[in-house]
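Here is a colleague's note to read beside the model. The points are numbered and can be checked one by one.

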Amino acid sequence: MDVSVVIPAKNEASNVAPLIARLAKVGQNWARFEVIFVDDGSSDGTARALYESKYGYAWVRVLQHQDAAGQSAAIHSGASAALYPVIA
């Protein structure tokens, strides 16, 4: 199954690396997948943590909202950018 996973994030810098590591284990069972993190105007370095943590994981994509637009807008941005037909 080809899957795009959309994850909205705001001020989650300390949680990014462990989540990506966990997703790497889960994703081994999928044929093709991507994980799209949408940083929704974080002020704690979440974007930096995402960019640093994604090295070595070609399936991680990062989008950014300059200003907080809310969870629904972040999910919409991620779904709009998704490459695969199944979006979770």
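**Notes on the predicted model**

1. The side chain of Ser-4 reaches the backbone nitrogen of Leu-83 at 3.5 Å. The model is predicted, so please read every distance here as computed from it. Ser-4 sits in strand E1. Its side chain also makes a polar contact with the side chain of Glu-34, at 2.5 Å.

2. Is Ser-4 buried or exposed? Ser-4 is buried, because its relative accessibility is 0%. Beyond its neighbours within four places in sequence, Ser-4 is in contact with Glu-34, Ala-82, Leu-83, Tyr-84, Val-86, Ile-87 and Ala-88. Both polar partners, Glu-34 and Leu-83, appear in that list.

3. Next, the aromatic residues. The whole structure holds two aromatic pairs. Phe-33 and Trp-59 make a tilted pair, with 4.9 Å between centres and 40° between planes. This pair links distant parts of the chain, 26 residues apart. Phe-33 belongs to strand E2 (residues 32-40), while Trp-59 lies in the loop between helix H2 (46-53) and strand E3 (60-65).

4. Both rings of that pair belong to buried residues. Phe-33 has 13% relative accessibility and counts as buried. Trp-59 has 16% and is buried as well. The rings of Tyr-57 and Trp-59 are also paired: their centres are 5.1 Å apart and their planes meet at 55°, so this pair is tilted. Phe-33, Tyr-57 and Trp-59 thus belong to one aromatic cluster.

5. Where does Tyr-57 lie? Tyr-57 is in the loop between H2 and E3. With a relative accessible area of 27%, Tyr-57 is partly exposed. Setting aside neighbours within four places in sequence, Tyr-57 is in contact with Ile-20 and Ala-24. The C-alpha atoms of Tyr-57 and Ile-20 are 8.6 Å apart, although 37 residues separate the two along the chain.

6. Trp-59 has a longer list to check. Neighbours within four places in sequence aside, Trp-59 is in contact with Ile-20, Leu-23, Ala-24, Phe-33, Glu-34 and Val-35. Ile-20 and Ala-24 are thus contacts of Tyr-57 and of Trp-59.

7. Helix H1 (residues 13-27) passes a simple length check. Its 15 residues, at 1.5 Å a residue, should span 21 Å. The end C-alpha atoms are 22 Å apart, which agrees. Val-16, Ile-20, Leu-23 and Gly-27 are the buried residues of H1. They pack against strand E1 (2-9), E2, H2 and E3.

8. Now the nonpolar cores. The largest has 14 residues. Those with the most contacts inside it are Ile-7, Ile-20, Leu-23, Val-35, Phe-37, Trp-59 and Val-60. E1, H1, E2, H2 and E3 each give two or more residues to this core. A second core is separate and has five residues, including Val-6, Ile-36, Val-38 and Ala-82. Ala-82 is also one of the contacts of Ser-4.

9. Which residues of H2 are buried? They are Thr-46, Ala-47, Ala-49, Leu-50 and Ser-53. These cover an arc of only 165° around the axis, so they lie on the same side of H2. In an α-helix there are 3.6 residues a turn, so residues three or four places apart point the same way. Arg-48 and Glu-52 are exposed, on the other side of H2. The cover over the buried residues of H2 includes E1, H1, E2 and E3.

10. Last, a loop residue. Asp-67 is found between E3 and helix H3 (71-81). Asp-67 is exposed, because its relative accessible area of 61% is over the 50% cut-off. Not counting residues up to four places away in sequence, Asp-67 touches Asp-40 and Gly-41. Asp-67 and Ser-42 are 25 residues apart in sequence, and their C-alpha atoms are 8.0 Å apart in space.

Definitions and conventions
Residues are numbered from 1 along each chain as its sequence is written. This is a predicted model: local features need pLDDT of at least 70, side-chain atom pairs count only at pLDDT 80 or more; totals for chains, interfaces and linings use all residues. Side-chain values use heavy atoms; hydrogens and water are left out. Rings of Phe, Tyr and Trp (its six-membered ring) pair if their centres lie within 6.5 Å; planes under 30 degrees apart count as stacked, over 60 as edge-to-face and the rest as tilted. Helices (H or I, at least four residues) and strands (E, at least two) are DSSP runs, numbered from the N terminus. Buried means under 20% relative accessible area, exposed over 50%, partly exposed in between (1.4 Å probe, protein chains only). The expected span of a helix is 1.5 Å times one less than its number of residues. Contact means heavy atoms within 4.5 Å. A polar contact is a pair of N or O atoms within 3.5 Å; within protein, one must be able to donate a hydrogen and the other to accept it, and residues adjacent in sequence count only if both atoms are side-chain atoms. A nonpolar core is a set of buried Ala, Val, Leu, Ile, Met, Phe, Trp, Tyr and Cys residues joined through side-chain atoms within 4.5 Å. The arc is that of the directions from the helix axis to the C-beta atoms.
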